[in-house]
Amino acid sequence: LVHPAMLKYAMSTSSDSSKSNNGPRSVFIGGGGELATAREVLRHKSVERVLMVDLDEKVIEVCKEFLPEWGGERVTNDPRFELVIGDAYAYLDNCTETFDVMIMDISDPIEAGPGIMLYTQEFYQHVVKSLLNENGVFITQSGIADGIHPESGKDCTSFAAIHNTLKASFDCAIPYSINIPSFGSDWGYIMAGDWGHGDSRLNDSNSNNDANADIDSFVSIKPKVIDDMISRMITDLDDANSNRSACRKNEDVLTYYDGISHLRMFALPKPLRYMMKKDQRIM
């Protein structure tokens, strides 16, 4: 559930404005060692290049051997996929390539942890923004996002802080979540980008020129629009390099995500929204 929920909407809304075909063509993944994030990206027929940078080569090898259904050699043997073993921050800080979508599938922003610098305003403003193409989308996993009352003491603070930091760095920062049974909680993600006001690709209605209208235009999408996007853009990984007419239909390749599930992902529980409103921290 984690990887389709994290990616499908953002991947389907991004496009390379210099090309006539819909959908992203170039994608960067920071982390993602189990290869499931790359698996979901490669389901998109528009994708021509996926560059993944991960610190731990051993994790990748273990997952290929013991979790092949998460991606395995189907991912690493895909001609569109490139793996770099190394630090994602250092790699991006010296990178000249640009991307339609950038994904951070990394550890939480624990102090002195390996991923902390990949959540900072400095990183978003001076590294990510310079590497995103026009209409590009940035996505990051953002930790626990439970709708549990604040008095419970459960830690949801990183979700709000990451959202605040992205909101201070981009025109739009849109939080969403999904329940992950194996995690024992709802898990949060945030999608961000400089998209201007509203998005005519996703909504029939005109938006007012403010940030709230931008967010509304992304989250209040009719389920049929999402379902049509899935049918047009997404296929099974084994079919991704084949002729479109030979591809299986979307209901056969996506277990969780569709237009109705989309509505639930963006409807954050009231207690969580309350906690996010009180937390003003920027990382």
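Two strands pair if DSSP finds at least two bridges between them. With that rule, seven strands here join into an open sheet with mixed pairing, in the order β3-β2-β1-β4-β5-β7-β6. This is a predicted model, so keep its ground rules in mind: local features need pLDDT of at least 70, side-chain atom pairs count only at pLDDT 80 or more, and totals for chains, interfaces and linings use all residues. Residues are numbered from 1 along each chain as its sequence is written, and side-chain values use heavy atoms, with hydrogens and water left out.

**The whole chain**

- The secondary structure adds up to 11 helices and seven strands; helices (H or I, at least four residues) and strands (E, at least two) are DSSP runs, numbered from the N terminus.
- Of the chain's 283 residues, 54% count as buried. Buried means under 20% relative accessible area, exposed over 50%, and partly exposed in between (1.4 Å probe, protein chains only).
- About 12,900 Å² of the chain is exposed, with carbon and sulfur atoms supplying 49% of that. These areas come from the Shrake-Rupley method with a 1.4 Å probe, and for residues only the protein chains shown count as cover.
- Take the contacts (heavy atoms within 4.5 Å) in the chain with a separation of 6 or more: residues 24 or more positions apart account for 71% of them.

**The sheet**

- At the edges sit β3 (81–85) and β6 (172–180), each pairing on one side only.
- From one strand to the next, the twist averages 15°. Angles run from 0 to 180 degrees between N-to-C directions, and axes are lines fitted to C-alpha atoms, for helices over the stretch in contact.
- β6 and β7 run antiparallel, joined by nine bridges; one facing pair is Asn179 and Asp186, the latter in β7.
- These two strands, β6 and β7, make a hairpin with four residues between them, and Gly184 in the turn has a positive phi of about 75°.
- β7 (residues 185–193) also pairs with β5, in the antiparallel sense over five bridges. Gln141 stands opposite Tyr189 of β7, while Phe138 has Ala192 of β7 as its bridge partner.
- Nine of the nine residues of β7 are buried, so this strand is largely enclosed by the rest of the structure.
- Ile144 belongs to strand β5 (residues 132–144), and counts as partly exposed because its relative accessibility is 23%. Its C-alpha atom is 9.0 Å from that of Phe183, which sits 39 residues apart from Ile144 along the chain.

**Helices**

- Helix α6 (residues 121–131) lies across β4 (99–105) and β5, at about 135° to β5.
- In helix α11 (residues 270–278), Leu272, Met275 and Met276 are buried. Looking down the axis of α11, the buried residues fall within an arc of 100°, so they line one face of the helix; the arc is that of the directions from the helix axis to the C-beta atoms.
- Over on the other side of α11, Lys270, Lys277 and Lys278 are exposed.

**Aromatic rings**

- Rings of Phe, Tyr and Trp (its six-membered ring) pair if their centres lie within 6.5 Å; planes under 30 degrees apart count as stacked, over 60 as edge-to-face and the rest as tilted. By this rule there are eight aromatic pairs.
- Tyr89 and Phe123 form a tilted pair, 5.5 Å centre to centre with 35° between the planes.
- Tyr89 lies in helix α5 (residues 88–93) and Phe123 in helix α6, so the pair ties together parts 34 residues apart in sequence.
- Both Tyr89 and Phe123 are buried.
- Ring pairs link Tyr89, Phe123, Tyr124, Phe138 and Phe170 into a cluster.
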